[in-house]
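Hello,

Here is the structure I promised to send over. Please open it alongside this note; what I found comes after it.

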Amino acid sequence: MSDEKTKPIIEIVELHKSFGEHHVLKGITLSVPAGSTLVILGGSGSGKTVLMKHMIGLLKPDSGRVVIDGEDIVPMSPEELEKIRRKFGMVFQAAALFDSMTVYENVSFALREHRKELGEAKMREIVRDKLAIVGLKDVEDKFPASLSGGMRKRVGLARAIVLDPKIVLYDEPTTGLDPITTDYVDEMILDAKKQLGVTSVVISHDIASAFKVADNIAFLYQGEIVDQGHPSTLRHTQHPGAKLFLQTWFGKN
Ligand SMILES: Nc1ncnc2c1ncn2[C@@H]1O[C@H](COP(=O)(O)OP(=O)(O)OP(=O)(O)O)[C@@H](O)[C@H]1O
Ligand SMILES: [Mg+2]
């Protein structure tokens, strides 16, 4: 298909990664169409974070390809990878804001690092715009400690999108949050897609969130993608490991 939206922006082909004797990723193949949201679902230790680190070149595979926006990043030098990483925004778990910096300093961090030429007034304007996108206003001078968990997550997203990335990666964005805050974060992921057209990869073991935000779900089990597809089909997976995982949630609902 020629439609820009259906072109994969992330393509992983036959990726293998071991740490010593431990074969963590065993031939991962997946592709993420531009503008869509992929949720990678899997239990603790299944290799989710290791897989995500390959997408931004923080880890090199033993074999396989990682194609970002048409370029294989596996053979790239640190300088080339630096450029590729600007296509990405990362939303880490709760503690990832700099507590000693104001919201403004947190969100503008990457601008000051990469876009010094913009100047302070322009940076203020960009930060204000990004905060508005995540539904926050007049919080620039506050410190993270004075914000609620949901607001901190939103600041984290504003920081991740400040350089206008094409792709946003979320590593377990809702782990440890209460249901209402979880809901805020899910809405924020949906909003980022709607308002900015970003491609999102969300790593999670939160099944309810996964089914809410995903266009596609890939189920990672012991280092392999054992099933993937639209949430409505994955809901009826035949893979025993994936089935058991889903039953822990759907079984009680
Ligand atoms: N740098 C490393 N060196 C050695 N082993 C590693 C390294 N990074 C990850 N591993 C191992 O790879 C496996 C998968 O780890 P990973 O962090 O990807 O799990 P995960 O699916 O993200 O789990 P969780 O849901 O708990 O975050 C684990 O057994 C982990 O110990
Ligand atoms: Mg992890």
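Contact here means heavy atoms within 4.5 Å. Keep in mind that this is a predicted model.

Start with the sheet. It is open, has six strands and mixes its pairing. The order is S6-S7-S8-S3-S9-S10. Strands S6 (88-91) and S10 (224-229) stand at the edges. Each has a single partner strand, so one side of each is left without a neighbour in the sheet. From one strand to the next, the twist averages 15 degrees.

Now look at S3 (residues 37-42) and S9 (residues 216-221). They run parallel, and five bridges join them. Val39 stands opposite Ile217 in S9. Helix H10 (residues 240-250) packs on the sheet and touches S3, S9 and S10. The direction of H10 makes about 110 degrees with that of S9.

Which residues does Leu41 touch, leaving out those up to four places away in sequence? They are Lys48, Ser204, His205, Asp206, Ile207, Ala210, Ile217, Ala218, Phe219, Leu220, Phe245 and Leu246.

Leu41 also matters for the next item, the nonpolar cores.

The largest nonpolar core has 41 residues. Val39, Leu41, Val107, Leu131, Leu157 and Tyr170 touch the most other members. This core draws at least three residues from domain 1 (1-87 + 167-224) and at least three from domain 2 (92-164). Apart from it lies another core, of 31 residues. Ile9, Val32, Met52 and Met76 are among its members.

Best wishes

Technical notes:
Residues are numbered from 1 along each chain as its sequence is written. Chains are lettered from A and ligands numbered from 1 in the order in which they are written. This is a predicted model: local features need pLDDT of at least 70, side-chain atom pairs count only at pLDDT 80 or more; totals for chains, interfaces and linings use all residues. Side-chain values use heavy atoms; hydrogens and water are left out. A nonpolar core is a set of buried Ala, Val, Leu, Ile, Met, Phe, Trp, Tyr and Cys residues joined through side-chain atoms within 4.5 Å. Buried means under 20% relative accessible area, exposed over 50%, partly exposed in between (1.4 Å probe, protein chains only). Domain bounds come from an automatic or database domain assignment. Two strands pair if DSSP finds at least two bridges between them. Helices (H or I, at least four residues) and strands (E, at least two) are DSSP runs, numbered from the N terminus. Axes are lines fitted to C-alpha atoms, for helices over the stretch in contact, and angles run from 0 to 180 degrees between N-to-C directions.
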